[in-house]
Amino acid sequence: MATTLSEKQIEQFRTGGYLVLRDMAGAAMCEAMLSTAQSHLRAAVPPLEYEADVGYPGAPQSVDAPGGQTIRRLRGVFHREASFEAWAQHPSLVAKLAQLFGEDVCLSLAHHNCVMTKHPDFGTATGWHRDIRYWSFTRPDLISVWLALGPENAANGALRFIPGSHRMAIAQAQLDELDFLRPDLPQNQALFKQGISLELKRGDVVFFHSGLFHAASRNTTASVKMSLVYAYHGKTNRPVEGTKSAAAGEILLGS
Ligand SMILES: O=C(O)CCC(=O)C(=O)O
């Protein structure tokens, strides 16, 4: 895997809002992260987010309801184990992000900074949204870096993207109160038809812009799907003071 992105890859990211980098994380690193994530899931090591916390359609009503102990995210993953720290700061990853930001790179310790899990029984679908809903920064210009720790496909709830949607003008009226695209509007339904599904293997990585609309369906297989997700921003793109993005802190990684 080349350390830097080609001009073509940079153009693909600028135009489509995402870039798939096949087999970018080595097998040993993926195995180390997966095995820690599995043991932390079994032992419910905090900080955690439960399906009941996200409250998406079909989620358990509370942590005491049937399925209420289903974990959606292992949060604060950067500090959980050395392999997570190593991946977040992987020189090849940082060099590519620096090309896209055109400056030194920071890892945000706010949302995501997590292992995202999708359980067969109580894991819920995620509607069409942009990740910028999670953060408050001077510029709406972050990059989510998604690493598949196992296979991801339409059956187990793979990511779906609307290519180019990070550059689309979306009216506030098209969004619900949580900033999801409203499924009842014909103009949004036309957008959903443009969605493409990403098939990933363990070690594959996807960069996507914080303005790109994406979604994922439920997991209809028998195995839990796990993906590691970090978010990065350029050094001059500052979190807004007094927000969770500022409070969570960041790690300056250079270029
Ligand atoms: O796996 C999913 O359901 C998608 C997750 C996602 O995009 C998010 O939580 O921001």
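Let me start with Tyr-232, which, once its neighbours within four places in sequence are set aside, is in contact with Leu-97, Val-105, Cys-106, Leu-107, Ser-108, Leu-142, Ile-143 and Val-145. Please keep in mind throughout that this is a predicted model. Tyr-232 belongs to the largest nonpolar core, which has 60 residues, and together with Val-145 and Leu-147 it touches the most other members of that core. As a general background, nonpolar side chains in soluble globular proteins tend to be buried together.

One of the contacts of Tyr-232 is Leu-97, and that residue takes us to helix H5, residues 91-101, whose buried residues are Leu-93, Lys-96, Leu-97, Ala-98, Leu-100 and Phe-101. Those buried residues pack against helix H1 (7-16) and against three strands, namely S4 (105-108), S7 (143-148) and S12 (225-234). Just after H5 comes Gly-102, with a positive phi of about 70°. On the H1 side, Glu-7 lies in the helix but counts as exposed, because it has 8 C-beta neighbours inside 10 Å. The C-alpha atoms of Glu-7 and Gln-99 are separated by 10.0 Å, although the two residues are 92 apart along the chain.

Now to strand S10, residues 205-209. How many of the five residues of this strand are buried? Five of the five are, so S10 is largely enclosed by the rest of the structure. Val-205, Phe-207 and His-209 point one way from the strand, while Val-206 and Phe-208 point the other way. That fits the general pattern, in which side chains of a regular strand alternate between the two faces of the sheet. S10 is joined to strand S1 (residues 18-21) by four bridges in an antiparallel arrangement, and within that pairing Leu-21 has Val-205 as its bridge partner. S7 and S10 also run antiparallel, joined by five bridges, and here Val-145 stands opposite Phe-207. Val-145, you will recall, was one of the residues that touch the most other members of the largest nonpolar core.

A separate group of four strands forms an open sheet, in the order S6-S11-S8-S9, with antiparallel pairing. Strand S6 (126-129) and strand S9 (196-197) stand at the edges with a single partner strand each, so one side of each has no neighbour in the sheet. Within this sheet, S8 (residues 159-161) pairs with S11 over three bridges, and Leu-159 has Ala-216 of S11 as its bridge partner.

Ala-216 brings us to the ligand, since the residues around it are Met-116, Lys-118, Thr-126, Asp-131, Gly-157, His-214 and Ala-216. Which strands each supply at least two residues of this shell? They are S5 (114-118) and S11 (214-216). By character, the shell divides into two nonpolar, three polar and two charged residues.

I would also like to go through some backbone features that deserve a look, bearing in mind that most residues other than glycine have a negative phi, and that most peptide bonds are trans. The peptide bond from Pro-46 to Pro-47 is cis, with omega near 0°, and Pro-47 sits in the loop between helix H2 (27-42) and strand S2 (48-50). A cis peptide bond also joins His-111 and His-112, with omega about 5°, and His-112 has its place in the loop between S4 and S5. Asp-23 has a positive phi, near 55°, and is found in the loop between S1 and H2, where it is exposed, with 12 other C-beta atoms within 10 Å. Asp-179 has a positive phi as well, near 70°; its loop lies between S8 and helix H6 (186-192), and with 16 C-beta neighbours inside 10 Å it counts as partly exposed.

Finally, the chain as a whole. Its secondary structure comes to seven helices and 13 strands. The radius of gyration is 17 Å, close to the 18 Å that the globule rule gives for 255 residues, so the chain is as compact as a globular protein of that length. Buried residues make up 39% of the 255, and among contacts with a separation of 6 or more, 83% are between residues 24 or more positions apart.

Notes: Residues are numbered from 1 along each chain as its sequence is written. This is a predicted model: local features need pLDDT of at least 70, side-chain atom pairs count only at pLDDT 80 or more; totals for chains, interfaces and linings use all residues. A nonpolar core is a set of buried Ala, Val, Leu, Ile, Met, Phe, Trp, Tyr and Cys residues joined through C-beta atoms within 7 Å. A residue is buried if 20 or more other C-beta atoms lie within 10 Å of its own, exposed if 12 or fewer, and partly exposed in between; C-beta atoms are placed from the backbone. Two residues are in contact if their C-beta atoms, placed from the backbone, lie within 7 Å. A residue is near a molecule or strand if its C-beta atom, placed from the backbone, lies within 6 Å of it. Ala, Val, Leu, Ile, Met, Phe, Trp, Tyr, Cys and Pro count as nonpolar, Asp, Glu, Lys and Arg as charged, and the others, Gly among them, as polar. Two strands pair if DSSP finds at least two bridges between them. The radius of gyration is taken over C-alpha atoms; the globule rule is 2.2 Å times the number of residues to the power 0.38.
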